[in-house]
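Work through these exercises with the sequence and the structure side by side. Try each task before reading its solution.

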Amino acid sequence: MSTATAEPTAADLSKDAIANRYEFVLLFDVTNGNPNGDPDAGNAPRVDPETGHGLVSDVCIKRKVRNLITLAKRKEDGSPEDGYDIYVKEKAILNDQHKRGYDALGLDPKAKEGKLKEGESPKEERVRRWMCQNFFDVRMFGAVMSTGVNAGQVRGPIQFAFARSVDRIAALEQSITRMAVTTEKESVKQDGGNRTMGRKEIVPYALYEMHGYISPFLAQQTGFNEDDLELFFNALTQMFDHDRSASRGEMSACQLIVFKHASPLGNAPARKLFGLVDIKLKDGVEVPRSFEDYTVTIDESKKPNGIEIHERL
């Protein structure tokens with residue numbers, strides 16, 4: 001898929017789109033880090049207050065996928081490969097992204113549209129298709145682009161649920177010291193001591209389980225194809241390796257289990273497929289401190305007809 005000058009039609013987007021429904025389970029862990037701080041709670045790790053289980057938002061994981069695509073699909077000069085630009089990027093002005101679509105198609109977003117010819121699409125729909133063709137995350141996750149410069153709305157074929165830790169987590173607050181101060185005023189106040197106290201929130205260890213869903217019908221509307229699907233699954237397995245931060249500690253993708261349906265409508269409820277995956281602590285382990293402290297099994301004997309199970313990691 002490229003940033004072609006030819007305007008994409010609905011048929012162009014749908015002809016190579018994926019034809020199967022998928023669900024997947026991603027297991028990832030964190031050691032001595034904060035996987036996803038809550039800004040409304042002093043950036044403490046997100047926790048379900050009723051159960052004590054840790055949470056990681058879908059938005060957090062989508063950000064990491066986007067960042068990996070930016071690295072994997074760029075030219076030698078650092079610009080994105082054709083068809084793999086990212087819509088929601090750091091410091092982006094989204095209406096400017098919409099304007100790019102209008103400019104590429106020679107359209108004026110402010111001009112009043114006259115009566116359409118037979119078979120002609122409204123300009124917002126034409127720009128929406130252009131955005132799907134050129135922005136990978138729009139093609140993948142969808143976007144609300146009807147703000148200001150109207151480029152329509154897209155329901156993405158891939159959606160995540162919040163990730164939840166397998167066991168309760170212990171969120172610890174650690175005090176830290178910096179042997180310097182920011183301003184001269186602080187130095188005078190400390191009589192030259194020049195120390196700054198701070199804190200870090202960490203989870204000693206937690207294994208998280210995230211569920212995801214992929215719709216072939218929505219893929220037909222955005223042009224999400226088999227190459228895109230392979231790139232997405234690779235991003236899930238590699239994203240933590242390129243997202244290192246002192247605050248996040250050690251985060252790793254541990255296992256990716258993909259359920260492929262023979263039918264576009266699906267051959268079994270997602271709930272039933274997720275239930276085939278059983279995650280338990282090994283005998284004798286009371287407090288887990290690594291992925292090796294768990295046993296992950298897939299009950300193939302209960303696999304519904306028309307379902308293929310692929311372990312990607």
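Buried means under 20% relative accessible area, exposed means over 50%, and partly exposed lies in between (1.4 Å probe, protein chains only). Helices (H or I, at least four residues) and strands (E, at least two) are DSSP runs, numbered from the N terminus. The model is predicted: local features need pLDDT of at least 70, side-chain atom pairs count only at pLDDT 80 or more, and totals for chains, interfaces and linings use all residues. Residues are numbered from 1 along each chain as its sequence is written, and side-chain values use heavy atoms, with hydrogens and water left out.

**Exercise 1. Take stock of the chain.**
Task: State how many helices and strands the protein chain has.

Solution.
- Step 1. The protein chain holds nine helices and 14 strands.
- Step 2. Its C-alpha trace spans about 75 × 65 × 40 Å along the principal axes.
- Step 3. Of its 313 residues, 43% count as buried.
- Step 4. Take contacts (heavy atoms within 4.5 Å). Among those with a separation of 6 or more, 72% join residues 24 or more positions apart.

**Exercise 2. Describe helix H2.**
Task: Find which residues of H2 are buried, and what covers them.

Solution.
- Step 1. H2 covers residues 58-72. It has 15 residues and reaches 21 Å from first C-alpha to last, close to the 21 Å expected at 1.5 Å a residue. The expected span is 1.5 Å times one less than the number of residues.
- Step 2. The buried residues of H2 are Asp 58, Cys 60, Ile 61, Lys 62, Lys 64, Val 65, Arg 66, Leu 68 and Ile 69.
- Step 3. Their cover includes strands E1, E4 (53-56), E7 (158-160) and E10, plus helices H5 (136-141) and H8.

**Exercise 3. Pack H2 against H8.**
Task: Give the angle at which the axes of H2 and H8 cross, and classify it.

Solution.
- Step 1. Two packed helices are described by the angle between their axes and the distance between the axes.
- Step 2. Axes are lines fitted to C-alpha atoms, for helices over the stretch in contact; angles run from 0 to 180 degrees between N-to-C directions.
- Step 3. The axes of H2 and H8 (residues 226-238) come within 9 Å and cross at roughly 110°. H2 is therefore roughly perpendicular to H8. The classes are: under 35 degrees roughly parallel, over 145 roughly antiparallel, 65 to 115 roughly perpendicular, the rest oblique.
- Step 4. H2 contributes Val 65, Leu 68, Ile 69 and Ala 72; H8 contributes Leu 231, Phe 232, Ala 235, Leu 236 and Gln 238.
- Step 5. Sort these residues: eight are nonpolar, one is polar and none is charged. Here Ala, Val, Leu, Ile, Met, Phe, Trp, Tyr, Cys and Pro count as nonpolar, Asp, Glu, Lys and Arg as charged, and the others, Gly among them, as polar.

**Exercise 4. Place Asn 36.**
Task: Is Asn 36 buried or exposed?

Solution.
- Step 1. Asn 36 sits in the loop between strands E1 (22-33) and E2 (37-38).
- Step 2. Its relative accessibility is 10%, so Asn 36 counts as buried.
- Step 3. Its side chain makes a polar contact with the side chain of Arg 46 (2.8 Å). A polar contact is a pair of N or O atoms within 3.5 Å; within protein, one must be able to donate a hydrogen and the other to accept it, and residues adjacent in sequence count only if both atoms are side-chain atoms.
- Step 4. A polar atom of the Asn 36 side chain also lies 2.9 Å from the backbone nitrogen of Ser 57.
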